[in-house]
Amino acid sequence: MSKREPELKITAEEIQRIQKIIKEVRAKNDKEFVRTGKQKTYYITTFGCQMNAHDSEKLIGMVEQMGYTPADKEKEADFILYNTCCVRENAEHKVFGKLGALKHVKARNNDLKIVLCGCMMQQEKVLNTIKQKYRHVDLIFGTFNLYKFPELFLASIETSGMIIDIWKEHKEIMEDLPSIRKYKFKACVNIMYGCNNFCTYCIVPFVRGRERSRSPEDIVQEIKDLVQDGVKEIMLLGQNVNSYGKNLEDQTSFAELLYKINEVEGLERIRFMTSHPKDLSDELIEAMRSCEKVCKHLHLPIQAGSTKILTAMNRKYTKEEYTLLARKIQDAIPGIALTTDIIVGFPGETEEDFQDTLDILKEIQFHSAYTFLYSIRSGTPAATMDDQVIEEVAQERFSRLLGVLNPIILTHSEALIGKTIEVLVEEVSKQAEGILAGRSDQNHLVHFAGKEELIGQIVSVKIIEAKTFYVVGEKV
Ligand code: SAH
Ligand code: SF4
Ligand code: F3S
């Protein structure tokens, strides 16, 4: 019985065809290597969310299979790629700034390949700017045809001039692409793509298309393969994981998916993001409570505290509904860490509305929050709303927000002092020699002294000191 819309998946033949092209590029590079004695190198910069970071892992997988090795510095690379984000204006500015700086690098080295992809490229306006002002770019593709990258890249090697291939919407769901993970012991897994929510400030639905879910069988199989390969923790990715499965024939819910993943032997931790409050079901709370591998952390973006602003944002919940939901989760799952996203300065936000945001921060006592200044995204409904908040006012509110938020975060860190918690050791900390950094079940960043061999293991750490954004402990 077919459980998914069959046209959504890339066919095995198509994957084989792409693999063949990867080999063709590889053969060209190997030949070059024999001639020059120099291995070609790449440098990839990723902007934006985990979704993009995970796409970059797939791109790196393909690039390395094509025979490129990582360059230490961008300006020394033979292949430079920016995987872009457009969720806020400053993300776009950064890319244009970097592109401008590459002009003279390309002038010195005509063999250099400059490639752009990601969300920003799905916008007509951006493409026009690049065509006019950044003629030194070699290849541009978008979010819907990432898997075509080897084919487009081969075409770019064989011709001069700019190649642009942007699809307006998705055709197939990506499966089975080679990918190279940043961490051996943890991995991201896409469970769905796109978004149907159209929050009025947000560009994501325009650049990532409509919601479509991967089948539970494919997801579970991918996770089993990852576990075989040493993965202990997985992060399930989707713009709104709570509406997972709605386009599947058998309508598997996200909660049902969690139960299935919880059974994968050898897997130790399950995380997911992002959850939209409007779709968070009792069934999911129960699944989080009863699946022992699901971490005690829930990222539940509130965006604003005022019901008037939430309505204008098209978030589909009120301040009271969010508060009730948060309480229900905190009661059902003792010790759960709630984190959130907040936008300051949405059009029409008055001082009173902003106070509602501060109130809810105090009321829910979030463990942490990503805070953003509202950024106008042209094409979204909020861009043309009256009463855009002037920047100085938004900035001032933003500082006050941090003034309330940071002490709350510190309280959570302080509450850990004296406790022993399980930490998945991720890397050597950049802060001091001999210090390791890892994450607790609740997603606290934990520093402690230890040897590099511990990276990738789950160890017990007793917390002795608390800072706002991390805690310090000793291995027990
Ligand atoms: N799908 C996720 C979030 C994706 S974007 C969700 O709905 O929670 C990540 C965050 O960026 C959002 O939660 C929001 O807080 C912020 N964001 C999105 N558009 C923005 C804009 N135009 N200006 C400022 N922040 C924005
Ligand atoms: Fe953007 Fe809203 Fe979709 Fe999140 S749910 S990606 S904020 S439109
Ligand atoms: Fe992510 Fe930015 Fe795109 S937040 S989905 S990379 S616009």
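Here is a walk through the model, from its confidence and domains to its cores, ligand shells and a few single residues.

Keep in mind that this is a predicted model. The mean pLDDT of the protein is 94, with 97% of its residues at 70 or more. The start of the chain is another story: over residues 1-7 the pLDDT stays under 50, and the model gives that stretch 17 contacts beyond four places in sequence. Treat those contacts as part of a low-confidence stretch, given that pLDDT under 50.

Now for the overall layout. The protein splits into four pieces: domain 1 covers 12-165, domain 2 covers 181-295, domain 3 covers 297-413 and domain 4 covers 420-475. If you take centres over C-alpha atoms, domain 2 and domain 3 sit 24 Å apart. Where these two touch, domain 2 puts in 22 residues and domain 3 puts in 29 residues.

That pair of domains turns up again in the hydrophobic interior. The largest nonpolar core holds 69 residues, and those touching the most other members are I223, I234, L236, F254, L258, I261 and I329. Helix 13 (residues 391-414) supplies the largest share, 6 residues. Domain 2 and domain 3 each give this core at least three residues.

L236 is a handy place to look around from. Skipping its neighbours within four places in sequence, L236 is in contact with V189, I191, I223, V241, F254, L258, I261, I270, R271, F272 and M273. There is also a second, separate core of 30 residues, with I10, I44, M66 and W167 among them.

M273, one of those contacts of L236, leads to a backbone oddity. The peptide bond from M273 to T274 is cis, with omega near 10°. T274 itself belongs to the loop between strand 11 (269-273) and helix 9 (282-290). For context, most peptide bonds are trans, and most residues other than glycine have a negative phi.

The phi rule has its exceptions here too. Q303, which is not a glycine, has a positive phi near 75°. You'll find Q303 in the loop between strand 12 (297-299) and helix 10 (307-312). Is Q303 buried or exposed? Its relative accessible area is 7%, under the 20% cut-off, so Q303 is buried. D387 is another non-glycine residue with a positive phi, this time near 60°. The loop between strand 14 and helix 13 is where D387 sits. With a relative accessible area of 60%, over the 50% cut-off, D387 counts as exposed.

That same loop, between strand 14 (368-373) and helix 13, also holds R377. R377 counts as buried because its relative accessibility is 5%. Which residues does R377 touch, not counting those up to four places away in sequence? They are C86, V87, R88, E89, E92, Y201, I203 and A383.

Several of those names lead straight to the ligands. C86 and V87 are in the shell of ligand 3, together with G48, C49, N52, C85, C119, R208 and Q239. By class, that shell has 5 nonpolar, 3 polar and 1 charged residues. Y201, meanwhile, is one of the residues around ligand 2, along with C195, N197, F198, C199, C202, V204, P205, Q239, H276 and R315. The ligand 2 shell comes to 7 nonpolar, 3 polar and 1 charged residues. Q239 is worth picking out on screen, as it is listed around ligand 3 and also around ligand 2.

Two more residues round off the tour. K133 is found in helix 4 (residues 124-133), and it counts as exposed, at 52% relative accessibility. K133 and F96 are 37 residues apart in sequence, yet their C-alpha atoms are 9.7 Å apart in space.

At the other end of the chain, V461 lies in strand 18 (residues 458-466). How much of V461 is accessible? Its relative accessible area is 0%, so V461 is buried. Its contacts, leaving aside neighbours within four places in sequence, are K419, T420, I421, V423, V446, F448, G473, E474, K475 and V476. I21 is a long way from that set in sequence: V461 and I21 are 440 residues apart along the chain and 48 Å apart in space, C-alpha to C-alpha.

Definitions and conventions. Residues are numbered from 1 along each chain as its sequence is written. Chains are lettered from A and ligands numbered from 1 in the order in which they are written. This is a predicted model: local features need pLDDT of at least 70, side-chain atom pairs count only at pLDDT 80 or more; totals for chains, interfaces and linings use all residues. Side-chain values use heavy atoms; hydrogens and water are left out. A residue is near a molecule or strand if one of its heavy atoms lies within 4 Å of it. Ala, Val, Leu, Ile, Met, Phe, Trp, Tyr, Cys and Pro count as nonpolar, Asp, Glu, Lys and Arg as charged, and the others, Gly among them, as polar. pLDDT is the predictor's confidence in each residue, from 0 to 100. Contact means heavy atoms within 4.5 Å. A nonpolar core is a set of buried Ala, Val, Leu, Ile, Met, Phe, Trp, Tyr and Cys residues joined through side-chain atoms within 4.5 Å. Buried means under 20% relative accessible area, exposed over 50%, partly exposed in between (1.4 Å probe, protein chains only). Helices (H or I, at least four residues) and strands (E, at least two) are DSSP runs, numbered from the N terminus. Domain bounds come from an automatic or database domain assignment.
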